[in-house]
Amino acid sequence: QDGPDITENMVVLGPEAHMIVHHACKEDVTNLYIQLIKNGAIKYEQFERMATIYHCLTKEHITILFDSCIITQLEKEKLLELVA
């Protein structure tokens, strides 16, 4: 999804989940992201590290994360402060 190519930004998916990310409707993709967040495969802290340690998170990345329902409004605001 145009994010940084670093290990911090990787999630291991099986073939079905991988197909959902690239080919399913927005609702199915959002549901997959919600499931990945619930099971701990995606965590806000990884995006915080990408902003503060690796300095590779942009405002555009943050917008994509929010629009994809991966981060909340509050998390978006925190990340935007970190990359400002």
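This is a short talk about the fold, the buried spots and the cysteines of one small set of helices in a predicted model.

Okay, hi everyone. Before anything else, please keep in mind that what you see on the screen is a predicted model. I'll begin with the overall picture and then pick out a few residues.

So, what is the secondary structure made of? The protein comes to five helices and zero strands. If you walk along the sequence, the pattern reads α-α-α-α-α. Let me place them for you. Helix H1 covers 15-23, and helix H2 takes in residues 26-38. Helix H3 is 44-52, helix H4 is residues 59-67, and helix H5 runs over 73-83.

Next, overall dimensions. The C-alpha trace spans about 35 × 25 × 20 Å along its principal axes. Is that what you would expect for a compact globule, or not? With 84 residues, a compact globule would have a radius of gyration near 12 Å, and this protein has 13 Å, so the two agree.

How much of the protein is buried? Of the 84 residues, 30% count as buried. On the outside, the protein exposes about 5700 Å², and carbon and sulfur atoms supply 55% of that area. There are also charges to think about: 7 positive and 13 negative, with mean positions that are 5 Å apart.

One more number for the whole chain. Take the contacts between residues at least 6 apart in sequence: 56% of these join residues at least 24 apart.

Right, let's zoom in on helix H2. Two residues there are worth a look, Leu32 and Thr30. Are they buried or exposed? Leu32 counts as buried because its relative accessibility is 14%, under the 20% cut-off. Thr30 is also at 14% relative accessibility, so Thr30 counts as buried too.

Which residues do they touch? If we skip neighbours within four places in sequence, Leu32 is in contact with Ala17, Ile20 and Val21. For Thr30, with the neighbours left out in the same way, the contacts are Ser68 and Cys69. Here's a distance you can check on the screen: Leu32 and Pro15 sit 17 residues apart along the chain, and their C-alpha atoms are separated by 13 Å.

Now jump to helix H4 and find His61. His61 has a relative accessibility of 14%, so this histidine counts as buried. What does it touch, beyond residues up to four places away? His61 touches Asp2, Gly3, Pro4 and Cys56. You can also draw a line from His61 to Lys76: they are 15 residues apart along the chain, and their C-alpha atoms are separated by 10 Å.

Let's turn to the loops. Which residues have a positive phi although they are not glycines? One of them is His55, with a phi of about 50°. His55 is in the loop between helix H3 and H4, and it counts as exposed because its relative accessibility is 63%, over the 50% cut-off. Another is Cys69, with a positive phi of about 65°. You'll find Cys69 in the loop between H4 and helix H5. Remember that Cys69 is one of the residues in contact with Thr30.

That brings me to the cysteines. How many disulfides does the structure hold? Zero. Cys25 is in no disulfide, and the nearest cysteine sulfur, which belongs to Cys69, is 13 Å away. Turn it around and you get the matching answer: Cys69 is in no disulfide, and its nearest cysteine sulfur, that of Cys25, is 13 Å away. Why does that rule out a bond here? A disulfide needs the two sulfur atoms within 2.5 Å.

So are these two cysteines buried, exposed or something in between? Cys25 has 43% relative accessibility, so it counts as partly exposed. Cys69 comes in at 42%, so Cys69 counts as partly exposed as well.

Last stop: go back to the start of the chain and look for Met10, in the segment before helix H1. Is Met10 buried or exposed? Its relative accessibility is 59%, so Met10 counts as exposed. Then look across to Ala41. Met10 and Ala41 are 31 residues apart along the chain, and their C-alpha atoms are separated by 9.3 Å.

To wrap up: we have a predicted model with five helices and zero strands, and zero disulfides. Thanks for listening!

Key
Residues are numbered from 1 along each chain as its sequence is written. This is a predicted model: local features need pLDDT of at least 70, side-chain atom pairs count only at pLDDT 80 or more; totals for chains, interfaces and linings use all residues. Side-chain values use heavy atoms; hydrogens and water are left out. Buried means under 20% relative accessible area, exposed over 50%, partly exposed in between (1.4 Å probe, protein chains only). Helices (H or I, at least four residues) and strands (E, at least two) are DSSP runs, numbered from the N terminus. The radius of gyration is taken over C-alpha atoms; the globule rule is 2.2 Å times the number of residues to the power 0.38. Contact means heavy atoms within 4.5 Å. Accessible areas come from the Shrake-Rupley method with a 1.4 Å probe; for residues, only the protein chains shown count as cover. Lys and Arg count as positive and Asp and Glu as negative; His and the chain ends are not counted. The place of a charge is taken as NZ of Lys, CZ of Arg, CG of Asp or CD of Glu.
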